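The report below works through one protein chain, going from backbone geometry to strand pairing, the nonpolar core and the cysteines. Please read it alongside the sequence and coordinates.

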Amino acid sequence: MPDPLSIRHEAAEHRFAVTLPGGEGKLLYEVRAPAVLDLHYTEVPSALRGQGIAGALVEAACEYARARELRLIPSCSYVAWWFSQHPEQRDLLHAG
């Protein structure tokens, strides 16, 4: 995985994205309430999978949420799995 990744937040498209040789990785979200984001879809081109790109996208969403006091809903199965592996970030999860 290239280091560091240049992950960008594209607020108008409701996504975090990174462009790499071989394609684009993205994490899509929906705004569920004024302070709640539903992380509902991750996509990384098959040639780039297994390199930590999806995890880096989730980390970027966590940093964004933490800085703005937002809560997250991990409805994407990958995002839910990621949170199971990162208990230090679970305080960001929406309790509702």
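## Backbone outliers in two loops

Glu 69 counts as exposed, because its relative accessibility is 68%, and this residue is found in the loop between α1 and β5 (71-73). In this predicted model, the phi angle of Glu 69 is near 55°, a positive value in a residue other than glycine. Most residues other than glycine have a negative phi.

His 14 likewise has a positive phi, near 55°, and is not a glycine. Its place is in the loop between β1 (8-10) and β2. With a relative accessibility of 31%, His 14 counts as partly exposed, since that class lies between the limits of 20% for buried and 50% for exposed.

## Strand pairing and the crossover

Strands β3 and β4 run antiparallel and are joined by 7 bridges, and together they form a hairpin with 2 residues between them. Within this pairing, Lys 26 stands opposite Glu 43 in β4.

Strand β4 also pairs with β5, here in the parallel sense and over 3 bridges, with Ile 73 in β5 as the bridge partner of Asp 38. The helix α1 enters the picture as well, for β4, α1 and β5 make a right-handed β-α-β unit.

Which residues does Thr 42 touch, not counting those up to four places away in sequence? Thr 42, found in strand β4, touches Lys 26, Leu 27, Cys 76, Tyr 78 and Val 79. With a relative accessible area of 17%, Thr 42 is buried, because the limit for that class is under 20%.

## The largest nonpolar core

The largest nonpolar core holds 27 residues, and those that touch the most other members are Phe 16, Leu 27, Ile 53 and Leu 72. Two or more residues of this core come from each of β2 (15-20), β3 (23-33), β4 (36-43), α1 (53-68) and α2 (77-85), and the largest share, 10 residues, is that of α1. In soluble globular proteins, nonpolar side chains tend to be buried together.

The surroundings of Phe 16 can be followed residue by residue. Leaving aside its neighbours within four places in sequence, Phe 16 is in contact with Ile 7, Arg 8 and His 9, with Gly 25, Lys 26, Leu 27 and Tyr 29, and with Leu 57, Ala 60, Ala 61 and Tyr 64.

## The buried side of α2

In helix α2, the buried residues are Val 79, Trp 82 and Phe 83. Because these residues cover an arc of only 95° around the axis, they lie on the same side of α2. The buried residues of α2 pack against β3, β4, α1 and β5.

## Cysteines without a disulfide

How many disulfides does the model contain? The count comes to 0, and the distances show why: the sulfur of Cys 62 is 13 Å from the closest cysteine sulfur, in Cys 76, too far for a bond, given that a disulfide requires sulfur atoms within 2.5 Å.

Taken from the other end, the closest cysteine sulfur to that of Cys 76 is in Cys 62, again at 13 Å and too far for a bond. As for their exposure to solvent, Cys 62 counts as buried at 1% relative accessibility, and Cys 76 is buried with a relative accessible area of 8%.

Methods
Residues are numbered from 1 along each chain as its sequence is written. This is a predicted model: local features need pLDDT of at least 70, side-chain atom pairs count only at pLDDT 80 or more; totals for chains, interfaces and linings use all residues. Side-chain values use heavy atoms; hydrogens and water are left out. A nonpolar core is a set of buried Ala, Val, Leu, Ile, Met, Phe, Trp, Tyr and Cys residues joined through side-chain atoms within 4.5 Å. Buried means under 20% relative accessible area, exposed over 50%, partly exposed in between (1.4 Å probe, protein chains only). Helices (H or I, at least four residues) and strands (E, at least two) are DSSP runs, numbered from the N terminus. Contact means heavy atoms within 4.5 Å. Two strands pair if DSSP finds at least two bridges between them. A crossover is right-handed if, with the strands pointing away from the viewer, the path from the first strand over the helix to the second runs clockwise. The arc is that of the directions from the helix axis to the C-beta atoms.
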